[in-house]
Amino acid sequence: MDAIDHILKQWARERPDLDTGPMGLIGRLTRLRAHLSREMEKTFSRFGLNSASFDLLATLYRSGEPYALQPGMLAQTMLITSGTMTNRIDQLVKTGLVERRRSEEDRRSVAICLTEAGKALISEAVEAHVATQHTLVAGLSEKDRDQLTALLGTYLAMFEADQA
């Protein structure tokens, strides 16, 4: 039994008329997210990053050469507001990990670019991140991981079908 089973038993006792099956699924997903985030934050902190700064640097890095994106595209990809994006960019500019560059074609347009220091840091951090992720799923068999990945993909698609 896990903590969610205990909660569901309490609800069954107090409100047997309610179908709390979805509460079990969503509760477990929520608790798992908290556990996974806590462990990944430990990895990010070893590099002076948090999940937000890691995400921004990783998004630029995986975009490929020239490791640059428009702020609006970054915000859209990362599912955050433009105000939040500006704050994150400002913090990373201060640390020298990214820089703002004006477009040669359109001087009004600005791209956010990884600096050499940013590229080196995210390259090292992503290796550690992937190692942490392997550790976090090590308790599941490959078959279980594949099944869980497929099920969660189906579930996520319900929310993101129009964004593909």
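These legends go with several views of one protein chain, and the model is predicted.

**View 1. The whole chain, from one end to the other.**
Start by counting the pieces: the protein chain has 7 helices and 3 strands. If you walk along the sequence, they turn up in the order α-α-α-β-α-α-β-β-α-α. The radius of gyration is 20 Å, well over the 15 Å that the globule rule gives for 164 residues, so the chain is more spread out than a compact globule. To frame the view, picture a box of roughly 65 × 30 × 30 Å along the principal axes, filled by the C-alpha atoms.

**View 2. The outside of the chain, and what it is made of.**
How much of the chain is buried? Buried residues account for 26% of the 164 residues. About 11,300 Å² of the protein chain is exposed, and 56% of that comes from carbon and sulfur atoms. As for charges, you can look for 20 positive and 22 negative side chains. The centres of those two sets lie 5 Å apart.

**View 3. The largest nonpolar core.**
In soluble globular proteins, nonpolar side chains tend to be buried together. Here the largest nonpolar core holds 26 residues, and the ones touching the most other members are Leu49, Leu56, Leu57, Met85 and Val98. Several elements chip in with at least two residues each: helix 2 (21–45), helix 3 (51–62), helix 4 (71–78), helix 5 (82–94), strand 3 (110–114) and helix 6 (116–137). Which one gives the largest share? That's helix 3, with 5 residues.

**View 4. Valine 98 and its neighbours.**
Zoom in on valine 98, one of the core residues that touch the most other members. Setting aside neighbours within four places in sequence, its contacts include Leu56, Leu57 and Leu60. Also in contact with valine 98 are Ile89, Leu92 and Val93, and then Ile112, Cys113, Leu114 and Thr115. Across the chain, of the contacts between residues at least 6 apart in sequence, 48% join residues at least 24 apart.

**View 5. Alanine 58 and valine 126, far apart in sequence.**
Alanine 58 is part of helix 3. With a relative accessible area of 15%, alanine 58 is buried, because the cut-off for that is under 20%. Now find valine 126, which is 68 residues away along the chain. How far apart are the C-alpha atoms of alanine 58 and valine 126? The separation is 7.5 Å.

**View 6. The loop between helix 3 and strand 1.**
Proline 66 sits in this loop, which leads to strand 1 (68–69). Check the peptide bond running from glutamate 65 to proline 66: it is cis, with omega near 5 degrees. Tyrosine 67 is in the loop between helix 3 and strand 1 too. Its phi is near 60 degrees, a positive value in a residue other than glycine. Is tyrosine 67 buried or exposed? Tyrosine 67 is buried, with a relative accessible area of 14%.

**View 7. Two more loop residues, leucine 79 and threonine 20.**
Leucine 79 is in the loop between helix 4 and helix 5, and its phi is near 60 degrees, positive although the residue isn't glycine. Leucine 79 is exposed, with a relative accessible area of 61%. Threonine 20, in the loop between helix 1 (3–14) and helix 2, is buried, at 15% relative accessible area. Not counting residues up to four places away in sequence, threonine 20 touches Leu8 and Trp11.

Methods: Residues numbered from 1 in each chain as written. Predicted model: local features only at pLDDT ≥ 70, side-chain atom pairs only at ≥ 80, totals over all residues. Heavy atoms only, no water. Helix = DSSP H or I, 4+ residues; strand = E, 2+ residues; numbered from the N terminus. Rg over C-alpha atoms; globule rule 2.2 N^0.38 Å. Buried < 20%, exposed > 50% of the residue type's maximum accessible area, 1.4 Å probe, protein only. Contact = heavy atoms within 4.5 Å. Areas by Shrake-Rupley, 256 points an atom, 1.4 Å probe, with all protein chains shown as cover. Lys, Arg positive; Asp, Glu negative; His and termini not counted. Charge placed at Lys NZ, Arg CZ, Asp CG, Glu CD. Core = buried A, V, L, I, M, F, W, Y, C linked by side-chain atoms within 4.5 Å.
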